[in-house]
Amino acid sequence: MHRLVRWFRWSAAALPTPIRPPGRDTVRQRYQLERLLHDGAVADISALALELGMISDTTPDAEAAARVAAAQNRVTGILDDLRCVEAMIYPPVLTGAGLGPGLRAVAERLDLRLLLDLPPSAFGGQARARIGLLIADHLHTLRPGSVVRVRVRGRRIVRVNITDQQPGGSARRAHRAVLRCE
């Protein structure tokens, strides 16, 4: 009986875990939310940081200039935090750079070693966004230093296989997703 339990645990660990891909509506909502943050709050806070910098530079009182500079540093920290949230909602590099460079940028920011195996032909905008968000969301669940291999195949029916190994000698984990892209 114990052998059967061990075999079942081993075989269950060897099977890929399914990942649920984001739907079209989810992708659109996340993109719109990222744009709203970027064009609204991030733009306003950036302008405020610049204005505080100009005030700090032109203020003759050294104590007041130091306080304004400290406020500018706090505002800049808030701005960086908002940009991190924005990138987790919808990584802007996926839109501008494309799937490969966008995922590499996300992995680099998260300190992951990423091995990509993408098809030679480019995907359409909607498919690229769904595939990119699926993979980027998974990358956000990993610890820094993890090694991740991503393989994407298909055109209309896209298969995504992700294998990751987190630091510390843990076992490799396999994940898979199937997306219908039109």
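**Entry 1: H2 against H6**

I began with the contact between two helices. Arg-24, Val-27 and Arg-30 in H2 meet Gln-126, Ala-129, Arg-130, Leu-133 and Asp-137 in H6. By class, I count 3 nonpolar, 1 polar and 4 charged residues in this contact of H2 with H6. I note here that the model is predicted.

Next I looked up the geometry. H2 spans residues 24-58, and its axis comes within 10 Å of that of H6. The two axes cross at roughly 80°. Angles of 65 to 115 degrees count as roughly perpendicular, and H2 and H6 are therefore roughly perpendicular to each other.

I also picked one residue of H6. Is Ala-127 buried or exposed? Ala-127 lies in helix H6. Its relative accessibility is 9%, so I list Ala-127 as buried. I checked one distance as well: the C-alpha atoms of Ala-127 and Ile-89 are separated by 17 Å, with the two residues 38 apart along the chain.

**Entry 2: the sheet**

I turned to the strands. In what order do the 5 strands of the open sheet run? I read E1-E5-E4-E3-E2, with mixed pairing. E1 (17-18) and E2 are the edge strands, and each pairs on one side only.

I followed E1 to its partner. E1 and strand E5 (residues 173-180) run parallel and are joined by 2 bridges. Pro-18 has Arg-176 in E5 as its bridge partner. H6 turns up again here, since I find that H6 packs on the sheet. H6 touches E2, strand E3 (147-153), strand E4 (157-165) and E5. The direction of H6 makes about 15° with that of E4.

At the other edge, E2 and E3 run parallel, joined by 5 bridges.

**Entry 3: E3 and Arg-149**

I sorted E3 by face. Val-148, Val-150 and Val-152 make up the covered face. Val-147, Arg-149, Arg-151 and Arg-153 make up the uncovered one. Why might residues split this way? In a regular strand the side chains alternate between the two faces of the sheet.

I then singled out Arg-149, which has its place in strand E3. Arg-149 has a relative accessible area of 40%, so I list this residue as partly exposed. Leu-115 stands opposite Arg-149. Which residues is Arg-149 in contact with, leaving aside its neighbours within four places in sequence? I get Leu-115, Asp-117, Asn-161, Ile-162 and Thr-163. For a long-range check I took Thr-76: Arg-149 and Thr-76 are 73 residues apart in sequence and 35 Å apart in space, C-alpha to C-alpha.

**Entry 4: H5 and what follows**

I went on to helix H5, residues 99-109. Which residues of H5 are buried? I list Leu-99, Gly-100, Gly-102, Leu-103, Val-106 and Ala-107. These cover an arc of only 170° around the axis, which means they sit on the same side of H5. The buried residues of H5 pack against helix H4 (92-96), strand E2 (113-117) and helix H6 (125-139).

I closed with Asp-111, in the loop between H5 and E2. Its phi is near 60°, a positive value in a residue other than glycine. Is Asp-111 buried or exposed? At 51% relative accessibility, I put Asp-111 down as exposed. The cut-off for exposed is over 50%.

Technical notes. Residues numbered from 1 in each chain as written. Predicted model: local features only at pLDDT ≥ 70, side-chain atom pairs only at ≥ 80, totals over all residues. Heavy atoms only, no water. Buried < 20%, exposed > 50% of the residue type's maximum accessible area, 1.4 Å probe, protein only. Helix = DSSP H or I, 4+ residues; strand = E, 2+ residues; numbered from the N terminus. Arc of directions from axis to C-beta. Contact = heavy atoms within 4.5 Å. Axes fitted to C-alpha atoms, helices over the stretch in contact; angles between N-to-C directions. Parallel < 35°, antiparallel > 145°, perpendicular 65-115°, else oblique. Nonpolar A, V, L, I, M, F, W, Y, C, P; charged D, E, K, R; others polar. Pairing = 2+ DSSP bridges.
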